[in-house]
Amino acid sequence: MSNQLVILAGGKGKRMNSDLPKPLIKIAGKTIIESLLERMRPLFPKPVIVVGHRSEEVKKTLGPSYIYAEQKEQKGTADALLAAKEALASAETVAVMPGDHPLVSQETIRELLDLIQKKKTVMTLATLKFANFEKEGKVMKRAGKIIRNPDGSVNRIVEFKDATAEERKITEINPSYYCFNAKWLWENIGKIQPNNAAGEYYLTDLLGIATSQGHKVYSVEVKNPYEGMGVNTPEELAVVENYLKKS
């Protein structure tokens with residue numbers, strides 16, 4: 001089975017108050033994306049990196065050891081993944097993660113890959129539970145909420161800005177790590193529409209497409225909450241950096 005990883009690293013990082021592209025911001029002495037690549041290297045020696053904002057800087061920093069795909073406009077995560085389609089032509093299974101999550105573990109991604117094969121389904125994803133969103137958990141408060149079916153499979157993900165007051169109370173969230181059957185992915189990613197508050201093409205909408213077709217979508221629970229933390233603000237950067245210094 002041919003597995004490949006896509007890292008979505010084309011964002012501007014407007015909330016970081018930095019001139020640097022977000023993947024190149026340093027954390028504990030390394031850029032965010034280099035920390036992530038180091039963690040993933042044993043599983044994926046040459047992942048596809050989707051670049052966008054100031055792409056040449058990102059490519060120059062990381063060098064020629066990776067496959068690059070370019071997202072021309074910032075139109076959302078599904079649009080970013082679509083930009084990598086040609087580079088993923090030979091992949092049978094595609095793992096996807098954001099370029100600003102430096103703490104994800106190999107174990108989590110390996111579990112997602114194993115689960116999609118075991119269940120013979122079209123999509124798996126990681127989830128994360130927070131008992132409350134205080135202290136360090138505060139930075140995860142606005143993450144997408146996981147809505148489950150009665151049988152325990154995942155029904156859909158509601159982005160925080162689109163969630164009802166009741167849905168915002170859900171403590172199980174989406175850290176944005178996915179695995180897809182490639183054939184199914186490319187047959188369905190074009191069906192996504194920007195029907196949301198941000199007007200973007202959300203990768204999470206593939207979950208609704210899968211369930212509407214009768215596919216069961218299963219999840220892996222991330223045990224270490226820090227694994228799900230992205231770096232979108234200086235506050236989040238401080239939390240992740242503090243964790244790395246202690247670990």
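Start by selecting Tyr243, which is partly exposed at a relative accessible area of 22%. Here buried means under 20% relative accessible area, exposed means over 50%, and partly exposed lies in between, with a 1.4 Å probe and protein chains only. The model is a predicted one: local features need pLDDT of at least 70, side-chain atom pairs count only at pLDDT 80 or more, and totals for chains, interfaces and linings use all residues. Residues are numbered from 1 along each chain as its sequence is written, and side-chain values use heavy atoms, with hydrogens and water left out.

**Aromatic pairs**

The whole structure holds two aromatic pairs. Rings of Phe, Tyr and Trp (its six-membered ring) pair if their centres lie within 6.5 Å; planes under 30 degrees apart count as stacked, over 60 as edge-to-face, and the rest as tilted.

Select Tyr178 with Phe180: this pair is tilted, at 6.0 Å centre to centre and 35° between the planes. Tyr178 is buried at 5% relative accessible area, and Phe180 is buried at 0%.

Next, add Tyr226 to Tyr243. These two rings are stacked, 4.1 Å centre to centre with 15° between the planes. The pair links distant parts of the chain, 17 residues apart: Tyr226 is in the loop between strand S12 (218-221) and helix H7 (234-246), and Tyr243 is in helix H7. Helices (H or I, at least four residues) and strands (E, at least two) are DSSP runs, numbered from the N terminus. Tyr226 counts as buried, at 19% relative accessibility.

**Strand S11 and its partners**

Return to Phe180 and show strand S11, residues 178-181. Which strand pairs with S11 over four bridges? Strand S6 (residues 93-98) does, in the antiparallel sense. Two strands pair if DSSP finds at least two bridges between them. To place this pairing, select Ala95, which stands opposite Cys179 in S11.

Strand S7 (residues 123-129) is also antiparallel to S11, joined by three bridges. Select Met123 here; the residue opposite in S11 is Phe180. Phe180 is thus a useful label to keep on, as the ring paired with Tyr178.

**Charges over rings**

Two places to look at next have a charge over a ring, a term used if NZ of Lys or CZ of Arg is within 6 Å of the ring centre and within 35 degrees of the ring normal. Select Lys119 and Tyr218: the charged end of Lys119 sits over the ring, 4.7 Å from its centre. Then select Arg168 and Phe160, where Arg168 lies over the ring face at 4.2 Å from the ring centre.

**Salt bridges**

Ten salt bridges are found in the whole structure. The criterion is a side-chain nitrogen of Lys or Arg within 4 Å of a carboxyl oxygen of Asp or Glu.

Start with Glu167 and Arg156, whose closest N and O atoms are 3.2 Å apart. This pair links distant parts of the chain, eleven residues apart: Glu167 is in the loop between strand S9 (154-158) and strand S10 (172-173), while Arg156 is in strand S9. Is Glu167 buried or exposed? Glu167 is buried, with 14% relative accessible area, whereas Arg156 is partly exposed at 37%.

Move to Lys59 and Glu56, a salt bridge of 3.3 Å, N to O. The two are separated by about one helical turn because they are three residues apart in helix H2 (residues 55-62). Lys59 is partly exposed at 23% relative accessibility, and Glu56 is exposed at 53%.

Then select Glu57 and Arg54, which meet in a salt bridge of 2.5 Å, N to O. Glu57 is partly exposed at 29% relative accessibility, as is Arg54 at 35%.

**The second largest pocket**

Select Ile157, Val158, Tyr202, Thr204 and Asp205, which lie nearest the centre of the second largest pocket among its 13 lining residues. S9 and helix H6 (205-212) are the elements that give two or more residues to this lining. The pocket volume is about 220 Å³.

On a 1 Å grid over the protein atoms alone, a pocket is an open set of points where a 1.4 Å probe fits, with protein on both sides within 12 Å along at least five of seven lines; lining residues have an atom within 4 Å of a point. Grid points are joined across faces, edges and corners, and the volume is the space filled by probe spheres set on the points.

**Last stop**

Select Lys12, in the loop between strand S1 (3-9) and strand S2 (26-27). Lys12 is partly exposed at 43% relative accessibility. Add His53: Lys12 and His53 are 41 residues apart in sequence and 5.6 Å apart in space, C-alpha to C-alpha.
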